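This report describes the fold of one protein chain for a reader who is new to structural biology. Please keep the sequence and the three-dimensional view at hand while reading.

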Amino acid sequence: MSQVQYQAEMTETPVLRFAGHNFEPLPSGALYWHSRQTLLVADLHLEKMSSFARRGQMLPPYDTGMTLSRLEADLRRTGAQRLVSLGDSFHRDEGTTTLSETDRARLDRLTGLAEWLWLAGNHDPRPHVLGGQCRNEVTLDGLVLTHEPRRGTVGLMAGHLHPAAHIQIEGRSTRRPCFVHDNRLMILPAYGASTGSINILSAAFNGLFYLPGLEVTMLGKDRTYPVSPKRLVRN
């Protein structure tokens, strides 16, 4: 298959069909559940750079504002009535208290636009007093929304591992964050502006997925792209 043919196959915005439900994967890394008017995001890691600064690493603290701007754009674009953040919304629990006045005001405005559910992550396990509700995990229409992926629960949607796909096409390679699922477990890409990623063929993902059923959707600049698992490479 030529590069032109491969691109021609991807002219339509893909729909992720998972555990009997349809979702729209957004190039930002959010997942929109149209039938439930629900926006799903994972691993915002708000206040990551300010957390580093307090530990002596002086990095520009602009990541929170960038992430919130992206989130506001997705909320307004989709018109979502509910947002579920699948854990590690803050890089540390104390990040809820270090927001700048501007970022706190923006977050207050966003939590007023939709029903907001903050799920506990390994970085931010404790409840907080920001707008919305704090939960450990949530079940919606038979789907279990949580932070850390696990096997044995059909319809589990999680984050935590920051998945990325590395592919090769006609001698050229690229690596981008991705959605990945096997119709039993789905892992969302990290949404935060200052988050890294892990190759889905790395050891961190061993044993999580039923590989013959694997489906991968890679984030592009302006859209998302379904990727054949046969094109995945490890390094």
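The side chains of threonine 38 and arginine 82 are joined by a polar contact of 2.8 Å. The model that shows this contact is a predicted one, and the report begins with the surroundings of threonine 38 before turning to the chain as a whole.

**Threonine 38 and other polar contacts**

Threonine 38 is located in strand S4. Is this residue buried or exposed? Threonine 38 has a relative accessibility of 0%, and because buried means under 20%, it counts as buried. Apart from residues up to four places away in sequence, threonine 38 touches Leu31, Tyr32, Trp33, Arg82 and Val84. A polar atom of its side chain also lies 2.8 Å from the backbone oxygen of arginine 36.

Glutamate 24, a residue of strand S2 (residues 21-25), is likewise buried, with a relative accessible area of 15%. The side chain of glutamate 24 makes a polar contact of 2.8 Å with that of histidine 34.

The table lists polar contacts of three residues.

| Residue | Partner | Distance |
|---|---|---|
| Threonine 38, side chain | Arginine 82, side chain | 2.8 Å |
| Threonine 38, side chain | Arginine 36, backbone oxygen | 2.8 Å |
| Glutamate 24, side chain | Histidine 34, side chain | 2.8 Å |
| Threonine 78, side chain | Alanine 80, backbone nitrogen | 3.2 Å |

**The chain as a whole**

The chain contains four helices and 16 strands. Of its 235 residues, 52% are buried. Among the contacts with a separation of 6 or more, 68% are between residues 24 or more positions apart.

**Helix H3**

Helix H3 covers residues 63-78, which makes 16 residues. From its first C-alpha to its last, H3 reaches 23 Å, close to the 22 Å expected at 1.5 Å a residue. The buried residues of H3 are Asp63, Thr64, Gly65, Thr67, Leu68, Leu71, Glu72, Asp74, Leu75 and Thr78. After H3 comes glycine 79, which has a positive phi near 70°.

Threonine 78 belongs to helix H3. With a relative accessibility of 18%, threonine 78 counts as buried. Which residues does threonine 78 touch, not counting residues up to four places away in sequence? They are Leu26, Tyr32 and Leu39. Leucine 39 is 39 residues from threonine 78 along the chain, yet their C-alpha atoms are separated by 8.1 Å.

**The nonpolar cores**

In soluble globular proteins, nonpolar side chains tend to be buried together. In this model, the largest nonpolar core has 21 residues, and those with the most contacts inside it are Leu39, Leu71, Leu75, Leu107 and Trp116. Strand S4 (38-41), helix H3, helix H4 (101-111) and strand S6 (115-119) each supply at least two residues of this core. H3 gives the most, with three residues. Leucine 71 is in contact with Leu39, Val41, Leu44, Leu83, Trp116 and Tyr191, leaving aside its neighbours within four places in sequence. A second, separate core has 20 residues, among them Leu140, Leu143, Met186 and Leu219.

**Helix H4**

The buried residues of H4 are Asp103, Arg106, Leu107, Leu110 and Thr111. Viewed down the axis of H4, these buried residues fall within an arc of 130°, so they line one face of the helix. An α-helix has 3.6 residues a turn, so residues three or four places apart point the same way. The face of H4 turned away from the buried side carries the exposed residues Glu101 and Thr102. H3 and S6 are among the elements that cover the buried residues of H4.

**Strand S15 and its partners**

Strand S15 (residues 215-219) is mostly covered, since four of its five residues are buried. How many bridges join strand S12 (residues 172-181) to S15? There are four, and the two strands run antiparallel. Within this pairing, valine 180 has valine 216 of S15 as its bridge partner. S15 is also joined by four bridges to strand S16 (residues 224-227), and this pair too is antiparallel. Here threonine 217 stands opposite proline 226 in S16. The connection from S15 to S16 is a hairpin through four residues.

Terms used:
Residues numbered from 1 in each chain as written. Predicted model: local features only at pLDDT ≥ 70, side-chain atom pairs only at ≥ 80, totals over all residues. Heavy atoms only, no water. Expected span 1.5 Å × (residues − 1). Buried < 20%, exposed > 50% of the residue type's maximum accessible area, 1.4 Å probe, protein only. Core = buried A, V, L, I, M, F, W, Y, C linked by side-chain atoms within 4.5 Å. Contact = heavy atoms within 4.5 Å. Polar contact = N/O pair within 3.5 Å; in protein donor to acceptor, adjacent residues only side chain to side chain. Pairing = 2+ DSSP bridges. Arc of directions from axis to C-beta.
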